[in-house]
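Biologist: I should like to understand how the descriptive words used for a structure are justified. Please set each value against its definition.

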Amino acid sequence: MSETHSHDPAAVQDEIIDSFSLFPEWLDRYQYLIDLGKKLPALAEEEKTDDKLLSGCQSRVWLHLEGDADRIRIRANSDAAIVSGLIALLIQVYSGCSARQVVDTEPYFIHAIGLSDHLSPTRANGLHSMLNAIRGYAQSLLV
């Protein structure tokens, strides 16, 4: 696969929405989120540095944003299970996108799978902090 392969964030979001629709109960959706988080590739201990810690999250989130305007790579992890699941979803949607795609792609899956209604305010804030950091990074590459 060449570096210029297309990553379609809308198609990925639709797949996420389909996956979550298999779980009508919220407890099952939480469990699915936790399972997604468990599959996240771990960051090495030396990557868990304070400069990569995201502010605005109650739990600790280490966010590594790498790449250029053509292709952004996101690696991240958290010490909280559900937050790791949220990270996994954001990585699925945005990692591998161009900076322009990141800036232009609204994360409509968050509302579609009911996260906006079921996350605690602190987790919702953390999710928005992660989104803002990813989009801010993308925006900085477009200057």
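Biologist: What makes α3 a mostly covered helix?

Modeller: Twelve of the 14 residues of α3 are buried, where buried means under 20% relative accessible area, exposed means over 50%, and partly exposed lies in between (1.4 Å probe, protein chains only). Among the buried residues of α3 are Ile 82, Val 83, Ser 84, Gly 85, Leu 86 and Ile 87. The helix is therefore described as mostly covered. Please note that this is a predicted model, in which local features need pLDDT of at least 70 and side-chain atom pairs count only at pLDDT 80 or more, while totals for chains, interfaces and linings use all residues. Residues are numbered from 1 along each chain as its sequence is written, and side-chain values use heavy atoms, with hydrogens and water left out.

Biologist: How do you know that α3 has the span expected of a helix?

Modeller: Helices are DSSP runs of H or I with at least four residues, strands are runs of E with at least two, and both are numbered from the N terminus. The expected span is 1.5 Å times one less than the number of residues. For the 14 residues of α3 (residues 81-94) this gives 20 Å, and the end C-alpha atoms are 20 Å apart, so the two values agree. Just after α3, Gly 96 takes a positive phi of about 100°.

Biologist: Why is Ala 81 called partly exposed?

Modeller: Ala 81 lies in helix α3. Its relative accessibility is 42%, and therefore Ala 81 counts as partly exposed. Leaving aside neighbours within four places in sequence, Ala 81 is in contact (heavy atoms within 4.5 Å) with Leu 33, Ile 34 and Gly 37.

Biologist: Why is Gly 37 called buried?

Modeller: Gly 37 is found in helix α2. The relative accessible area of Gly 37 is 9%, so this residue is buried. Not counting residues up to four places away in sequence, Gly 37 touches Ala 81, Ser 84 and Gly 85. Gly 37 and Ala 88 are 51 residues apart in sequence, and their C-alpha atoms are 5.9 Å apart in space.

Biologist: What makes the buried residues of α2 line one face of the helix?

Modeller: The buried residues of α2 are Trp 26, Arg 29, Tyr 30, Leu 33, Ile 34, Leu 36 and Gly 37. Seen down the axis of α2, they fall within an arc of 160°, so they line one face; the arc is that of the directions from the helix axis to the C-beta atoms. On the other side of α2, Leu 27 and Lys 38 are exposed. The buried residues of α2 pack against α1 (9-21), α3 and α6 (115-118).

Biologist: What makes the space in this model a cavity, and how many are counted?

Modeller: Rolling a probe the size of a water molecule over the atoms shows where empty space is left. On a 1 Å grid over the protein atoms alone, a cavity is a set of points where a 1.4 Å probe fits but cannot get out. The count comes to one cavity of 30 Å³ or more. About 40 Å³ of space lies in the largest cavity, the volume being the space filled by probe spheres set on the points, which are joined across faces, edges and corners.

Biologist: Which residues line the largest cavity, and how do they divide into nonpolar, polar and charged?

Modeller: Lining residues have an atom within 4 Å of a point. Leu 63, Ile 74, Ala 76, Ile 87, Leu 90, Ile 91, Met 130 and Ile 134 line the largest cavity. Ala, Val, Leu, Ile, Met, Phe, Trp, Tyr, Cys and Pro count as nonpolar, Asp, Glu, Lys and Arg as charged, and the others, Gly among them, as polar. The lining divides into eight nonpolar, no polar and no charged residues. α3 gives the most to this lining, with three residues.

Biologist: Why are Asp 70 and Val 143 called exposed?

Modeller: Asp 70, in the loop between β1 and β2, has a relative accessibility of 65% and therefore counts as exposed. Val 143, in the segment after α7, stands at 90% relative accessibility, so Val 143 also counts as exposed.

Key: 1 Å grid on protein atoms, 1.4 Å probe; cavity = no way out; pocket = protein on both sides within 12 Å on 5 of 7 lines; lining within 4 Å.
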